[in-house]
Amino acid sequence: MGAGHGHRLFFHGHSAVHRAPAHLKLLALVGFMLVVVATPRSWPAAYAVEALVLLSVVALSRVPVAYLAPRMVIELPFALFAVLVPFISHGPRTEVLGITVSEPGLHAGIALLVKGTLGVLASLTLAATTEPQDLLRGLQRLRMPDLIVQIMGFMIRYLDVVTAELTRMMTALRSRGCDPRSPRHWPVLARSLGALFIRSYERGERVHLAMLSRGYDGRLPRTEDAR
């Protein structure tokens, strides 16, 4: 349990976006996402305005684009699906770069790609300007159920622990001549992941028993924001 617990997405800074209360940033993110999702795909000007607003917030936060861009790869599966939509949709056909595609599917794919990009960039901006503990306190101030906040807190606390344990298991496998990327060794990898799941489950039981022995009654102590 000696692994680090730093927020890998957080970018240390002192901008106005960094200093803004976490619960207000959460409300702003949810409101922005609702507006983006509700924007009709026939309103390209609205997408341009939303992108301009988001890029202004990114510039105000002083988080380098080079810091956010590599983390946008999480959007890749959605981008691939958006590219496939024009080819699998029905309706009138149109030609784009010499390829015949569905016109409604083309508009739907572009809208999906734009909305997904705006959503991922907005979420990364929030993660880059807000510490995890501040997010948890913000959720508490927004009256999020305590159980959900506790689950998220433990996930943040032990994610690095489980990841470090997985890294040690992969190192042990490679030292014994097992290549996790080779299909021939996938059965060994599957058994290792199963063992990791069992270890994580047993660790959770031990942590729960330790909490009960210290008077845990279903609620964690609240940490008030420093004034």
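In this predicted model, Arg203 is a buried residue, with a relative accessible area of 15%. That value falls below the cut-off, since buried means under 20% relative accessible area. The side chain of Arg203 nevertheless has a charged partner: Arg203 and Glu165 meet in a salt bridge, with N and O 2.7 Å apart. This pair links distant parts of the chain, as Arg203 belongs to helix α9 and Glu165 to helix α8, 38 residues apart. Glu165 is buried as well, its relative accessible area being 9%.

Glu165 also takes part in a salt bridge with Arg199, where the closest N and O atoms are 3.2 Å apart. Here, too, helices α9 (residues 186–213) and α8 (residues 146–175) are involved: Arg199 lies in the former and Glu165 in the latter, so the pair ties together parts that are 34 residues apart in sequence. Arg199 is partly exposed, at 42% relative accessible area. With Glu165 as a partner of Arg203, the salt bridges that share partners join Glu165, Arg199 and Arg203 into one network.

The count for the protein comes to 3 salt bridges. Another of them brings together the side chains of Arg137 and Asp134, at 2.4 Å from N to O. These two residues sit 3 positions apart in helix α7 (residues 132–141), which means that about one helical turn separates them. Asp134 counts as partly exposed, with 29% relative accessibility.

Turning to the overall fold, the secondary structure comprises 9 helices and 2 strands. Along the sequence, these elements follow the order α-α-α-α-α-β-β-α-α-α-α. Of the contacts with a separation of 6 or more, 68% are between residues 24 or more positions apart.

As for overall dimensions, the protein has a radius of gyration of 22 Å, whereas a compact globule of 227 residues would have one near 17 Å. Along the principal axes, the C-alpha atoms fill a box of roughly 65 × 55 × 30 Å. Buried residues make up 31% of the 227 in the protein. The accessible surface amounts to about 15,100 Å², and carbon and sulfur atoms contribute 68% of that area. Finally, the protein carries 25 positive and 15 negative charges, and the mean positions of the two sets are 5 Å apart.

Conventions. Residues are numbered from 1 along each chain as its sequence is written. This is a predicted model: local features need pLDDT of at least 70, side-chain atom pairs count only at pLDDT 80 or more; totals for chains, interfaces and linings use all residues. Side-chain values use heavy atoms; hydrogens and water are left out. Helices (H or I, at least four residues) and strands (E, at least two) are DSSP runs, numbered from the N terminus. The radius of gyration is taken over C-alpha atoms; the globule rule is 2.2 Å times the number of residues to the power 0.38. Buried means under 20% relative accessible area, exposed over 50%, partly exposed in between (1.4 Å probe, protein chains only). Contact means heavy atoms within 4.5 Å. Accessible areas come from the Shrake-Rupley method with a 1.4 Å probe; for residues, only the protein chains shown count as cover. Lys and Arg count as positive and Asp and Glu as negative; His and the chain ends are not counted. The place of a charge is taken as NZ of Lys, CZ of Arg, CG of Asp or CD of Glu. A salt bridge is a side-chain nitrogen of Lys or Arg within 4 Å of a carboxyl oxygen of Asp or Glu.
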